[in-house]
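Work through the following exercises with the sequence and the structure side by side. Try each task on your own before you read the solution below it.

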Amino acid sequence: MIRRSRSLLVPFAVVATLGLSACSTADAPAGSSSSSSSSADTEESGSITVFAAASLQKTFTTLGKQFETANPGASIRFSFAGSSDLVTQIQNGAPADVFASADEANMAKLSSTDLASGSPWDFATNVLEIAVAPGNPKGIANLDDLTAPGVQLVTCAAPVPCGAATAKVESASGVDLEPVSEEQSVTDVLGKVESGQADAGLVYVTDVRGAGGKVDGVPFDESGKAVNTYPIGVLRESQDPELARAFSEYVRSAAGQRVLADAGFGKP
């Protein structure tokens with residue numbers, strides 16, 4: 001297959017190389033909650049690049065290690081960043097075989113063009129939580145408290161899935177948030193709270209759980225008004241569509257769903 005030359009990759013994307021293995025399975029419709037298991041009789045080999053939302057970094061890294069154990073002949077290269085930034089990279093020719101988005105809107109940007117192959121699969125859900133310094137020194141208990149004088153709030157920018165979710169909870173609650181900065185990925189928001197550059201940040205439940213005690217989480221009722229659904233799909237110019245599909249299926253398998261559930265993700 002002829003591939004056009006592609007070279008753009010923004011510098012802040014986090015890249016990790018891990019062994020990957022999985023077994024290909026049949027197609028499933030978008031939004032399906034069924035999961036597939038790898039075949040014990042077939043081992044995949046080859047190499048693919050997976051572009052995945054920043055909030056998936058820990059879980060997908062774990063899944064990559066599991067693939068390596070099962071199929072040492074296959075490998076995966078991850079690039080993690082904000083979903084909207086990853087879409088821009090793909091549209092500008094960055095090499096990728098699989099895209100996993102933190103929302104359906106950014107996946108739709110690729111699905112509506114010739115950059116996606118077939119229909120994506122929904123594999124997880126996530127909701128927002130308020131991240132605060134350990135011990136919650138500002139005494140933040142709800143969204144209203146984020147508007148109190150002296151509270152330095154950080155959120156995601158509007159094009160980023162966590163930013164779009166923030167806008168939804170603002171609308172649902174009637175609270176007008178005024179962040180001191182808007183970041184391009186949820187991990188950047190979390191980092192500012194962890195480092196003390198911000199008193200609070202709106203991140204995902206999974207980010208708080210994965211922070212290992214570096215932040216505390218404050219749940220709020222309006223988070224249920226902005227549930228993000230995570231889809232994954234194979235890209236049309238994949239160098240190895242069979243392996244790309246096998247990875248996508250493994251994410252939705254029982255083993256993949258256990259890893260996601262342990263991280264705090266909900267079912268699609």
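**Exercise 1: A residue and its helix**

R252 is located in helix α7, where helices (H or I, at least four residues) and strands (E, at least two) are DSSP runs numbered from the N terminus. The model is a predicted one, in which local features need pLDDT of at least 70 and side-chain atom pairs count only at pLDDT 80 or more, while totals for chains, interfaces and linings use all residues. Residues are numbered from 1 along each chain as its sequence is written, and side-chain values use heavy atoms, with hydrogens and water left out.

*Task.* Decide whether R252 is buried or exposed, and state how far R252 and P268 are apart in space.

*Solution.* Begin with the cut-offs: buried means under 20% relative accessible area, exposed means over 50%, and partly exposed lies in between (1.4 Å probe, protein chains only). R252 has a relative accessible area of 1%, and is therefore buried. For the second part, R252 and P268 are 16 residues apart in sequence, and their C-alpha atoms are 9.8 Å apart in space.

**Exercise 2: Two pairs of helices**

*Task.* Describe how α7 packs with α8, and how α2 packs with α3.

*Solution.* Two packed helices are described by the angle between their axes and the distance between the axes. Axes are lines fitted to C-alpha atoms, for helices over the stretch in contact, and angles run from 0 to 180 degrees between N-to-C directions. Angles under 35 degrees count as roughly parallel, over 145 as roughly antiparallel, 65 to 115 as roughly perpendicular, and the rest as oblique.

Step one: the axes of α7 (residues 241–252) and α8 (residues 254–262) come within 4 Å and cross at roughly 60°, so these two helices are oblique to each other. Their contact (heavy atoms within 4.5 Å) is made by Y250, V251 and R252 of α7 together with A254, A255, G256, Q257 and L260 of α8. These residues divide into five nonpolar, two polar and one charged; here Ala, Val, Leu, Ile, Met, Phe, Trp, Tyr, Cys and Pro count as nonpolar, Asp, Glu, Lys and Arg as charged, and the others, Gly among them, as polar.

Step two: α2 (residues 83–91) and α3 (residues 104–111) pack at an angle of about 10°, with their axes 9 Å apart, and α2 is therefore roughly parallel to α3. On the α2 side the contact is made by S83, S84, V87, I90 and Q91, and on the α3 side by N106, K109 and L110. By class, this contact has three nonpolar, four polar and one charged residues.

**Exercise 3: An open sheet**

*Task.* Which strands stand at the edges of the open sheet, and how does β6 pair with β9 and with β10?

*Solution.* Two strands pair if DSSP finds at least two bridges between them. Five strands form the sheet in the order β8-β7-β9-β6-β10, with mixed pairing. The edges are β8 (181–183) and β10 (216–218), each with a single partner strand, so one side of each is left without a neighbour in the sheet.

Next, follow β6: five bridges join β6 to β9, and the two run antiparallel, with A200 of β9 as the bridge partner of V132. Three bridges pair β6 with β10, also in the antiparallel sense, and I130 stands opposite V218 in β10. By contrast, β7 (residues 153–156) and β8 pair in the parallel sense over three bridges, and T155 stands opposite E182 in β8.

In a regular strand the side chains alternate between the two faces of the sheet. In β6, L128, I130 and V132 point one way and E129 and A131 the other way, and all are buried.

**Exercise 4: The nonpolar core**

*Task.* Which residues touch the most other members of the largest nonpolar core, and which helix gives the most to this core?

*Solution.* A nonpolar core is a set of buried Ala, Val, Leu, Ile, Met, Phe, Trp, Tyr and Cys residues joined through side-chain atoms within 4.5 Å. Of the 64 residues in the largest one, V50, L56, F60, F123, I130, I232 and F247 touch the most other members. Helix α7 gives the most to this core, with five residues. Another core, of 13 residues, lies apart from it, and includes F99, L110, A116 and L235.
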